[in-house]
Amino acid sequence: MVAELVDLHAALENDQVVPYFQPLVALRTGKLTGFEVLARWDDPAGGPRLPSNFVTLAEQNGLIGALTRQVFGKAFAAAAAVPAPLSLSVNISPVQMHYLSLPGQIRALADEAGFPLDRLILEITESAFFNNVEQAKTIAAELKAMGCRLALDDFGTGYSNLSHLLALSFDELKVDRSFVGAMTDSRNSRKVVAAIVGLATSLGLVTVAEGVETEEQADMLLCLGCELGQGWLYGKPVGQEQLAGMVSEAAWVSPFVLTSPGDGWAVSSLEALPTQRLAQLQAIYDGAPVGLCFLDRDLRYVSLNKKLAEMNGTTVSAHLGRRVQEMVPEMYAMFEPHLLQALQGLAIEGFEVIRPAKVAGEQGVVTLVSYQPAWDEADEVIGISVSVVDITQHKRTEAALLVSEDHRQQMEEQTKQVPWVMDAEGNSLQVSSHWVQEAGVHKGKPRNLGWLEALHGDDLAPTLRTMKEALRTGKPIDIQYRVCVDDVWRWMRSRGTARLGAGGEILRWYGTVEDVGEERLMGPTAATN
Ligand code: C2E
Ligand code: MG
Ligand code: MG
């Protein structure tokens, strides 16, 4: 220990403590916003040594001031290679937050190197407040008055005391990397990050995630509304000789201009406003003509709209927090298998459920129920979005139509006379019978007397002549011709009359056709009436 201390003394005297620089980026665009300065002990014997090996030692032995001066001075000088508006974040030891001289020292170092204070972010941890809130407040106020920004570092570890968060007017909150590292595997870590980001956003702070190592973490953080990221995914800390190269290769944006269009800031800030999101969702919910609700993994109502509450015969508040089984016990058996599938991640589209009538003697309500699983950022199902559409009216109309279609078919089968409709040009508009289709009339085309193509060759010319004559004069049609049914030529008799308009012009033809057998009937000769 003593040997270490002696070594650190020597290192500081020999200028061996140097700044390394780690990029900070906008998560949405991946653009550079600045660098964090991290101290390294450039030990000629063993390569760069990490701060965990010497910062505490320096703090405990009165060397932290010298260390800070060395790191800050060199960092500001090197930052000549860092153009505006990129920022520089430096760490201040909690010990130093006891010294009222700190702001003056920082100003002197920055001025000496010509680094503007409004691009400087000072990172402090919560331990800076221990037995020291008033002093910390005074120092922080002076630093802010100089134009510096303040970041609360490593938030989420330690005490995470909310009064600390409010004590100084912080600009940034850095989410500790222990949560970021665990969030893709642990739902609870994810919840902690979501809560920290939500809290920071609602206080108007920029959130920075530390220790971002994978794209998956970056995507998740972005979804949660986090704005900046720092970590190996974007770059490890590098020595000052590599700083200029890193800057020249990158595209960058200002970390401070949160509303500048085009960088995605405005959008991400808006998306992250939970109160607005809720209000929008509620408006959609309440205006929807269908029943909607969201169920959690235990099938409890997290939210629902008035329409669904009405369908279930009670109020919205009576549902919240209760399970589906409790609210609609009589239907639960129908829902359960589908709900369980939805919890496995399967979307269930529209199954019919008849809801029993609320009043005895009335008919039940027919509904179409759909389940859509909702996933969180780690693709785990966190609940089910439910929609319920009342299709009772639709069902009644459908049933009535089926009945009337059935009636019509029955009548046709009885009479063997099939109605047809034709327009003034001879386009067949409707010949709606099964047996006419079978009879091969469909072989001809409906347009322009095209149906005649299905006729026996001998009947074609005379029928065409008669039809053309009828279309010209409007005289009633009564013709016989043969069509082929099951390989047998059968005679059809078709009769029709024209419906005339006010000026005597033909509007439509209405008629019937019937199968009169294999022998031609006596009466009107084919194709002449
Ligand atoms: P910090 O301020 O929270 O710095 C972030 C630490 O996370 C750095 O460790 C950085 O190298 C590390 N890190 C960044 N991205 C990743 C990543 O993707 N994965 C992992 N595993 N780690 C990542 P480092 O450089 O060892 O610094 C440790 C701590 O030492 C710093 O934590 C800071 O509290 C302190 N420190 C560093 N430089 C100084 C300084 O100049 N003065 C003072 N007072 N403290 C310093
Ligand atoms: Mg830091
Ligand atoms: Mg940190």
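Biologist: How much space lies in the second largest cavity?

Modeller: This is a predicted model, and a search of the whole structure finds five cavities of 30 Å³ or more. The space that lies in the second largest of these cavities is about 110 Å³.

Biologist: Which residues are the closest to the centre of the second largest cavity?

Modeller: The lining of this cavity is made up of 14 residues, and by class it has one charged, one polar and twelve nonpolar residues. Those that come closest to the centre are Tyr 301, Val 324, Phe 335, Tyr 371 and Val 386.

Biologist: Which elements each supply at least two residues of that lining?

Modeller: One helix and three strands are to be named here, and each of them gives at least two residues to the lining of the second largest cavity. They are α16 (332-343), together with β11 (291-296), β14 (365-375) and β15 (381-390).

Biologist: In what order do the five strands of the open sheet stand?

Modeller: Strands of a sheet pair through backbone hydrogen bonds, in either a parallel or an antiparallel way. In this open sheet the pairing is antiparallel, and the edge strands, which pair on one side only, are β12 (301-304) and β13 (348-355). Neighbouring strands are turned by 25° against each other on average, with direction ignored. The order is β12-β11-β15-β14-β13.

Biologist: Which residue stands opposite Tyr 301 in β12?

Modeller: The strands β11 and β12 pair in the antiparallel sense, over three bridges. Tyr 301, which is also among the residues closest to the centre of the second largest cavity, has a residue opposite it, and that residue is Leu 295.

Biologist: Which residue coordinates both the magnesium ion (ligand 2) and the magnesium ion (ligand 3)?

Modeller: The magnesium ion (ligand 2) is coordinated at 1.9 to 2.3 Å by Glu 36 (OE), Asn 91 (OD1), Glu 123 (OE) and Asp 153 (OD), and along the chain these donors follow the spacing E-x54-N-x31-E-x29-D. Asn 91 in strand β4 (residues 87-91) and Asp 153 in strand β6 (residues 149-155) are 62 residues apart, so that the pair links distant parts of the chain. The two ions, ligand 2 and ligand 3, are 4.0 Å apart, and the residue that coordinates both is Asp 153.

Biologist: Is Asp 153 buried or exposed?

Modeller: Asn 91, another donor to the magnesium ion (ligand 2), has a relative accessible area of 28% and is partly exposed. For Asp 153 the relative accessibility is 7%, and because buried means under 20%, Asp 153 counts as buried.

Key:
Residues numbered from 1 in each chain as written. Chains lettered and ligands numbered in written order. Predicted model: local features only at pLDDT ≥ 70, side-chain atom pairs only at ≥ 80, totals over all residues. Heavy atoms only, no water. Donors = N, O, S within 2.8 Å, 3.2 Å for Na, K, Ca; no water. Helix = DSSP H or I, 4+ residues; strand = E, 2+ residues; numbered from the N terminus. Buried < 20%, exposed > 50% of the residue type's maximum accessible area, 1.4 Å probe, protein only. 1 Å grid on protein atoms, 1.4 Å probe; cavity = no way out; pocket = protein on both sides within 12 Å on 5 of 7 lines; lining within 4 Å. Points joined across faces, edges and corners; volume = space filled by probe spheres on them. Nonpolar A, V, L, I, M, F, W, Y, C, P; charged D, E, K, R; others polar. Pairing = 2+ DSSP bridges. Axes fitted to C-alpha atoms, helices over the stretch in contact; angles between N-to-C directions.
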